[in-house]
Amino acid sequence: WVPIGCPHAGISIDVDSRDTIHAVWWTGGRAADEAGIYYTYSEDGGESFIPRQLISKTAEDTVLHTQVVADQNDTVYAAWVGIREERPQILLTHRLAGQQQWSPIDHASDTSWNAIYPMLTVDNEKLYVAWTERKGEASRVKLRTAPLVGN
């Protein structure tokens, strides 16, 4: 397997309790109007995937990082770097098991810092979102938690 893509902003993959493979990635696209954060899934072990679904439009000239994780209820959470107010910020959405629509996009990070490299994980009760922030010469790691959707 040889992926055609950006090696430092590659696809993020997770598997839920039903062995469904979930994938989220950023693409600059072949044309400016194609740039965005996309999602797909496979229910047959990766033999085939549904057509990609746009989660959020983005600028085509900025490399953006994504993360995806599924909880024990098979809710899928996606986080990515998005440009808001001319700064990279951490954006977050979720998709309930069996549904096609994503929730409204939440702004997880503080808009006064440049936020990059989101990471997601879950336990039985909470979603954890971590990222790196930079402002001038200062940098820090931030962590936010939230109850799982449905808890």
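**Reading a sheet and a loop residue**

In this predicted model, four strands make up an open sheet, ordered β1-β2-β3-β4, with antiparallel pairing.

Q: How do strands of a sheet pair, and in what order do the four strands of the open sheet stand here?
A: Strands of a sheet pair through backbone hydrogen bonds, in either a parallel or an antiparallel manner. In this structure the order is β1-β2-β3-β4, and the pairing is antiparallel.

Q: Which strands stand at the edges of this sheet?
A: The edge positions belong to β1 (12–15) and β4 (53–57); each has a single partner strand, so one side of each is left without a neighbour in the sheet. Direction ignored, neighbouring strands of this sheet are turned against each other by 20° on average.

Q: How many bridges join β1 to β2?
A: Four bridges link β1 to β2 (residues 21–27), and the two strands run antiparallel. Within β2, A23 is the residue that stands opposite I13.

Q: Turning to a loop, where is D123 found, and is D123 buried or exposed?
A: D123 lies in the loop between β9 (114–122) and β10 (126–135). Its relative accessibility is 33%; buried would require under 20% and exposed over 50%, so D123 counts as partly exposed.

Q: Which residues does D123 touch, leaving aside those up to four places away in sequence?
A: On that basis, D123 touches Q72, Y128 and L148.

Q: Which backbone nitrogens does the side chain of D123 approach?
A: The D123 side chain reaches the backbone nitrogen of E125 at 2.8 Å. A polar atom of the same side chain, that of D123, lies 2.7 Å from the backbone nitrogen of K126.

Conventions. Residues numbered from 1 in each chain as written. Predicted model: local features only at pLDDT ≥ 70, side-chain atom pairs only at ≥ 80, totals over all residues. Heavy atoms only, no water. Pairing = 2+ DSSP bridges. Axes fitted to C-alpha atoms, helices over the stretch in contact; angles between N-to-C directions. Buried < 20%, exposed > 50% of the residue type's maximum accessible area, 1.4 Å probe, protein only. Contact = heavy atoms within 4.5 Å. Polar contact = N/O pair within 3.5 Å; in protein donor to acceptor, adjacent residues only side chain to side chain.
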